[in-house]
Amino acid sequence: MLNYQRTIPTKLYFGKGQISHLEEALKSFGKNVLLTYGGGSIKKIGLYDEVMKILNEGGFHVTELSGIDPNPRIESVTEGVRICREKDIDVILAVGGGSTLDCSKAIAVGTYYEGDDMWEMVVNAEGIAEKAVPLVTILTLSATGSEYDGGGVISNMNTNQKLGRSYTYPAVSICDPTYTFSVSPYQTAAGSADIMSHIMEDYFSRTDDSDLSDGIAETILRSVMKNCPIAIKEPDNYSARANLMTNSSIACSGIPAYGKQETGWPCHAMEHELSAFYDITHGVGLAILTPRWMRHILAKDSTATGRFVKFARNVMGLDGEDEAKLALAGIDALEEYFKSTGIPMTLTELGIDEEHFEVMADHANEGGYLKDAYVALTNEDIIQIYKACL
C-alpha cells in the first residue's frame, strides 16, 4: 500500500426528510443566496417549492440561476460569477445532479478569481481553492459523487474542451433518496454506469495489496449492479435508490482509492472528449468505452490478467481454471450488464463516427498524460479503443 492523505470537510445529511436541516445549513453563512439548478425537473417534483418555502420563511434573499446544462457550460459559470459579485452572495445553494453541483463549485471559486475570463480560471485550476463562496447542495441524481468531493467538470463547446478540475468541497450536502424517484430509467442506468466507472478507474491499479480499498470497490460495484435494475423497474423503491445514492457519494470520494497508485482515470479522459465534441450523456459514454478499454489493455499487457481475474470472480461472480478465459469472461459479463440496463453500447448508435478521433486522442493524452495509466496508453491506443466502440 502507498501512503495517502484525505480530508473530506463536507457535512452530509442522508435520508428521507433531511431537507429539514437546510435552513440551519444556510444561515451560518448569511442571508444572500444564489439558487442554482438545471432544466426545471426540481419544479416538476415539487422540490423547488419546498426549497423556496424554507428560504422565504427563513428570511433569505434569493437570486436564481437556472438552465445549467447536463454537461455544464462555461457560460453558466461566467453568469454565476457575475451574480455572486454583483449581489454580494453569501452562499450558493445548488439543487440538482452532478452538473449543477459541478457548475456551482466553479462559480464558488471563480467569484474570487482575479480576472474575468472564467475559462482561463478553469484551465489554470490546480487544486482545492483557499477561498470560495460556501456551497450547500441538495442532490437529485445518483451519479457523479459531486456532493461529497471537491471536483467538477466544465465544458467549453466553442473549443471542444471538457476539463475536470478541483475547486471546492460542499460545506453541506443533503442527500434524500426520495428526490431521485422521478429519475428516468435511462438516466438511472447512465448514472449507475458513472458510479461504477469511478470505482473501476481506481480498482484497475498496479497496487495489489490495498485490501480495504479493493473490498470497498467490489462491494460498491456489486451493489450498483444489484440495485440499478431494481430502481429501473421500481422507481420509488427506497432501498434501491438509497443504496445507489450512498454508492455514488463514496465512489468518487477517494475512499476506494486509499493506498493505491494513481491511474489518470483513462476512461474518463477518453469520455470527456466524446462529451466535448458530441455532448453525449457522460455515463453512457463511459459504459461504451469501459469494456473496449478493458479488452484493449488486456491484449496489450498480459500482466493485467490477474487483476481482471479478480474482477471476474469477486465482482461478476464467475469462476474457472483458465485465467485468460476467465479474465475475458468478466469483461463480457460487464458489457452484458450494461446492455441489460438499456444503455446504448456503440458510438454508432449515438451518431458518432471517426471524424474527430485523432484530435480527441491528442487531447485525452495531452503531454503523455496516460503514460502512467494502469496500462500505458498512446494516442494510437486511444484511437483503436474509439474505433472498437463504433
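**Group meeting: a residue in strand 6, two helix pairs and an aromatic cluster**

Let me start with S155, which is found in strand 6. Before going further I should say that this is a predicted model, and everything I describe today is to be taken in that sense. S155 is buried, with a relative accessible area of 0%, and if we leave aside residues up to four places away in sequence, S155 touches N71, P72, R73, I74, W119, Q161 and K162. As for R6, which lies 149 residues from S155 along the chain, the two C-alpha atoms are separated by 27 Å.

Strand 6, covering 151–156, is followed by a loop that runs to strand 7, 161–166, and N160 is found in that loop. The phi of N160 is near 55°, a positive value in a residue other than glycine, and at 24% relative accessibility N160 counts as partly exposed. A second residue belongs in this part of the talk, namely D88, which has a positive phi of about 55° although it, too, is not a glycine. D88 is found in the loop between helix 4, residues 74–87, and strand 4, residues 91–96. Is D88 buried or exposed? With a relative accessibility of 56%, D88 counts as exposed, because the cut-off for that class is over 50%.

I turn now to another loop, the one between helix 3, at 47–57, and strand 3, at 61–65, which is the place of G59. G59 counts as partly exposed, at 37% relative accessibility, and its C-alpha lies 9.6 Å from that of K27, although G59 and K27 are 32 residues apart in sequence. In that same loop we find F60, and the charged end of K31 sits over the F60 ring, 4.5 Å from the ring centre.

Next, the helix packing, for which I have chosen two pairs. Two packed helices are described by the angle between their axes and the distance between the axes, so I will give both values each time. Helix 7, residues 185–203, and helix 13, residues 323–340, have axes that come within 12 Å and cross at roughly 160°. That angle makes helix 7 roughly antiparallel to helix 13, because it is over 145 degrees. The contact is made by A193, M196 and M200 on the helix 7 side and by L334, Y337 and F338 on the helix 13 side, and by class it has six nonpolar residues, with no polar and no charged ones.

In the second pair, helix 11, residues 282–300, packs with helix 12, residues 305–314, at an angle of about 140°, and the axes are 10 Å apart. That makes helix 11 oblique to helix 12. Here M294, I297 and L298 from helix 11 meet T305, F308 and F311 from helix 12, and these residues divide into five nonpolar, one polar and no charged.

F308 and F311 bring me to the aromatic residues, since the structure holds ten aromatic pairs. Which residues do ring pairs link into a cluster? They are Y203, F204, W293, F308, F311 and Y374, so that F308 and F311, besides meeting helix 11, take part in this cluster as well. Y203 has a further partner, in that the charged end of R307 sits over the Y203 ring, 4.7 Å from its centre.

Conventions
Residues numbered from 1 in each chain as written. Predicted model: local features only at pLDDT ≥ 70, side-chain atom pairs only at ≥ 80, totals over all residues. Heavy atoms only, no water. Phe/Tyr/Trp six-rings, centres within 6.5 Å; stacked < 30°, edge-to-face > 60°. Lys NZ or Arg CZ within 6 Å of the ring centre and 35° of its normal. Axes fitted to C-alpha atoms, helices over the stretch in contact; angles between N-to-C directions. Helix = DSSP H or I, 4+ residues; strand = E, 2+ residues; numbered from the N terminus. Parallel < 35°, antiparallel > 145°, perpendicular 65-115°, else oblique. Contact = heavy atoms within 4.5 Å. Nonpolar A, V, L, I, M, F, W, Y, C, P; charged D, E, K, R; others polar. Buried < 20%, exposed > 50% of the residue type's maximum accessible area, 1.4 Å probe, protein only.
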